[in-house]
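Good morning, and thank you for coming. Please look at the model on the screen while I speak about its pockets, one helix and one residue.

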Amino acid sequence: MPTPYAYFKGAIVPLSEAKIGVMTHAFNYGTAVFEGIRGNWNEEAGASYLFRVREHMDRIAQSAKILGLEMRDTPERLCELAAELVERSGYTEDIYLRPMVYLSGEVLGVRLHNVESDTLIFLSPFPAYLPETARVHTSTWRRVDDTGIPPRAKVTGIYVNSALAKTEAQANGFDEAIMLNANGHVSEGSGENVFMIRNGRIIMPTPADNVLEGITARSVVEIAQKELGIEAVEREIDRTELYIADEVFLTGTAAHLTPVVEVDRRKVGDGKIGPVTQKLSALFYDAIKGKNERYSHWCTPVRIPVAR
Ligand code: PMP
């Protein structure tokens, strides 16, 4: 039977033993940065393929730097710990790893300085996050700005912004929200980057549009360039451009690559998955399962010893 393990206070322990106190600073004030990493199960290989684990650990270090948080471990060490947790937990299905650097001190007072910090990692089984195709709407909630809480850093507290947008979207019958930034341009989904295709060009918002610089997005851009010969363009996108785009899709660790077939009750193209999205999606899913040698360097296979 798989049993989840966690890395907590410097040791690997059963997840059931990894508990924090109610006074923990990060719990009270959202003072933590985190990552989400997929372990994609490959049945033939009997292994979980951790997707771009090093890039995620480098990004948590960047998020910690933005907030000025101390890291207990180097990104390299966190990669080793992640692999060890996956092996020991023994899941033979898709999983999700959650590294976090958090203010662990049990003290009151809003600040980022003079509070103890720590690093943890836990994991959980994690099936598909969005339906195969998504219907989205434009949120009434605007994306937080770099001048408020920087979305470039994956800060736990910022996810209240995402949660407001996601809950509103689902309450209104949609699968996901598209948030606009303070300037009214398309920013991102509650947990995904947004792309559109117009006249054969792949277009995405710029890093200055208050988006998380997505690792999945970066991977899809590379696949588009190398395999389809299409360069992605970064520029501002208006809400109404999504209405007349030929294709729209979302990318993210949880969402993988999800085609969007409807925006604000308007069909995207003819309402079916478009040809470029289809090609990209097939290439992407092969890459994340370690089935395309050209991208095998993105995957860290962790063999799961199972009684067969
Ligand atoms: N934007 C937000 C707000 C997210 O939470 C995520 C998920 N981490 C993404 C974009 C996509 O980033 P990535 O592909 O690195 O998971």
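The largest pocket of this predicted model has a volume of about 530 Å³. Thirty residues form its lining, and Y96, K154, Y159, S190 and G191 lie nearest its centre. Several elements each give two or more residues to this lining: helix 2 (53-67), strand 6 (95-103), helix 4 (159-171), strand 10 (186-189), helix 5 and strand 14 (247-252). Helix 4 gives the most, with four residues. By residue class, the lining of the largest pocket holds 10 nonpolar, 13 polar and seven charged residues.

Where does the largest pocket lie with respect to domain 1 and domain 2? Domain 1 (5-125) and domain 2 (134-288) both give residues to its lining, so the largest pocket lies between them.

I turn now to the second largest pocket, which holds about 330 Å³ of space. It is lined by 23 residues, and those closest to its centre are E132, H256, L257, T258 and Y285. Strand 4 (37-42), strand 15 (256-263) and helix 7 (275-288) are the elements that give two or more residues to this lining. Helix 7 supplies the largest share, five residues. The lining of the second largest pocket divides into 13 nonpolar, six polar and four charged residues. Its position follows from the same kind of reasoning: because residues of both domain 1 (5-125) and domain 2 (134-288) line the second largest pocket, it lies between these domains.

Strand 4 deserves one further remark, on a single residue. N40 has its place in strand 4. Is N40 buried or exposed? Its relative accessible area is 1%, and a residue counts as buried under 20%, so N40 is buried. Leaving aside neighbours within four places in sequence, N40 is in contact with A47, S48, Y49, F51, D94, H256 and I288. One of these contacts, H256, is also among the residues closest to the centre of the second largest pocket.

Finally, let us consider helix 5, one of the elements in the lining of the largest pocket. Helix 5 comprises 14 residues, 215-228, and at 1.5 Å a residue it should span 20 Å. Its end C-alpha atoms are 19 Å apart, which agrees with that expectation. Within helix 5, the buried residues include I215, T216, A217, S219, V220, I223 and A224. An α-helix has 3.6 residues a turn, so residues three or four places apart point the same way. After helix 5 comes G229, whose phi is positive, near 70°.

Notes: Residues are numbered from 1 along each chain as its sequence is written. This is a predicted model: local features need pLDDT of at least 70, side-chain atom pairs count only at pLDDT 80 or more; totals for chains, interfaces and linings use all residues. Side-chain values use heavy atoms; hydrogens and water are left out. The expected span of a helix is 1.5 Å times one less than its number of residues. Buried means under 20% relative accessible area, exposed over 50%, partly exposed in between (1.4 Å probe, protein chains only). On a 1 Å grid over the protein atoms alone, a cavity is a set of points where a 1.4 Å probe fits but cannot get out, and a pocket is an open set with protein on both sides within 12 Å along at least five of seven lines; lining residues have an atom within 4 Å of a point. Grid points are joined across faces, edges and corners, and a volume is the space filled by probe spheres set on the points. Ala, Val, Leu, Ile, Met, Phe, Trp, Tyr, Cys and Pro count as nonpolar, Asp, Glu, Lys and Arg as charged, and the others, Gly among them, as polar. Domain bounds come from an automatic or database domain assignment. Contact means heavy atoms within 4.5 Å.
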